Amino acid sequence: MMKKTTTILCLGIALCMLGCSDDDDQVTTTSTVPFSLTASLSPRSSDAEDTGILQGNWDANSQLAVIKTGSSGVPKSILTRKTDSSDTFTGNLSTLVKNENEIAVFYPAAAITANSSDTLTQTLNLSGQDGTLAGITNYDYLWAQCKAGMNETTGSSACEMTSLVTIGKFQFTVNGGSPLNNITRITITASSAVMKLKNGEFSSTQTGNITIKNKAGISGTTYISFFPSEAQLHFTLVTTTGEVYEAATSTTIKLEKGKVYEAPALSCTLLPSAKV
């Protein structure tokens, strides 16, 4: 009798442990379906030097963040540009996004820190730029809104991306017009902004200084991303040899989103060592 009781008890413990193991392995996940998005870009510059995104061409491996608008709890999706297509992005989208639901699309995906539609705003900043055309793509913030076409097994949509920033192009000169080369640091007054993910509008901005850093040194055209504003721009520039210069636009300029602003060459003044 004792042996039979012991056997039944051991069997019960084993079944209990098996049941607990099954419960521990259960992870709540959201189902997804393959999703394809055609995201077109309008050219903003015809200058031969402005290759890539400013001429309406996505860079290889570009990624878009997609968030459902109007409700909470829907996970963010990341779509990656197909290597064999100019403007088609693919990935997976949550099945919580239903047919005809509105989605917000944002570039670059890495700038969106929100993990789901619980977050309705996103703080964007302009720090970390390196002054180059290649580097500016990380700060050329683009947004779109469109409706998802969804069925049980797949989804798709199409949108035209809108730039939220101004891309400034600057040439700095010294000694009556000679190019100032090997610029390693530029400090300029600019702003950070809070964007509403649903409509791509800025809910607030905050003015401060941003610093452009480039260890190799910038020579030729300097590219800088700005949020829309009106201001007289003031620059402090440092070269690889440690010389410090100042420059400014001659008047207040209007920086409009979706535009490329090419400034006249800016004459730089060398600061005395005592002032540095």
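In which strand is Ala247 found? In this predicted model, Ala247 belongs to strand E19, and the views below begin with the hairpin that contains this strand before turning to other sheets and to the cysteines.

**View 1. The hairpin of strands E18 and E19.** Strand E18, covering residues 234-239, and strand E19, covering residues 244-248, are paired in the antiparallel sense through five bridges. Within this pairing, Leu237 stands opposite Tyr245 of E19. Four residues lie between the two strands of the hairpin, where Gly242 adopts a positive phi near 90°.

**View 2. The surroundings of Ala247 in strand E19.** Ala247 has a relative accessible area of 8% and is therefore buried. Its contacts, leaving aside residues up to four places away in sequence, include Leu233, His234, Phe235 and Leu237, and also Phe172, Leu266, Ser267 and Cys268. Although Ala247 and Thr236 are eleven residues apart along the chain, their C-alpha atoms are separated by 6.6 Å. Cys268, one of the residues touched by Ala247, likewise counts as buried, at 8% relative accessibility.

**View 3. An open sheet of three strands, E13-E12-E22.** The three strands follow one another in the order E13-E12-E22, and their pairing is mixed. Strand E13 (178-179) and strand E22 (266-267) are the edge strands, each of them pairing on one side only. Strand E12, residues 172-174, pairs with E22 in the parallel sense over two bridges, and Phe172 has Leu266 as its bridge partner in E22. Phe172 and Leu266 are also among the residues that Ala247 touches.

**View 4. An open sheet of nine strands with mixed pairing.** The order of the strands in this sheet is E8-E9-E1-E4-E3-E2-E5-E7-E10, and its edges are formed by strand E8 (149-150) and strand E10 (162-163), each of which pairs on one side only. Inside this order, strand E5 (residues 102-107) and strand E7 (residues 142-147) run antiparallel and are joined by six bridges. One of the residue pairs here is Ile103 with Cys146, its bridge partner in E7.

**View 5. Cys159 and Cys146, a pair of cysteines without a bond.** Why is the sulfur of Cys159 not bonded to the closest cysteine sulfur? That closest sulfur belongs to Cys146 and lies 4.5 Å away, which is too far for a bond, because a disulfide requires the two sulfur atoms to be within 2.5 Å. The structure as a whole holds zero disulfides. Cys159 is itself buried, with a relative accessible area of 8%, while Cys146 is the residue that serves as bridge partner of Ile103 in the preceding view.

Methods
Residues are numbered from 1 along each chain as its sequence is written. This is a predicted model: local features need pLDDT of at least 70, side-chain atom pairs count only at pLDDT 80 or more; totals for chains, interfaces and linings use all residues. Side-chain values use heavy atoms; hydrogens and water are left out. Two strands pair if DSSP finds at least two bridges between them. Buried means under 20% relative accessible area, exposed over 50%, partly exposed in between (1.4 Å probe, protein chains only). Contact means heavy atoms within 4.5 Å.
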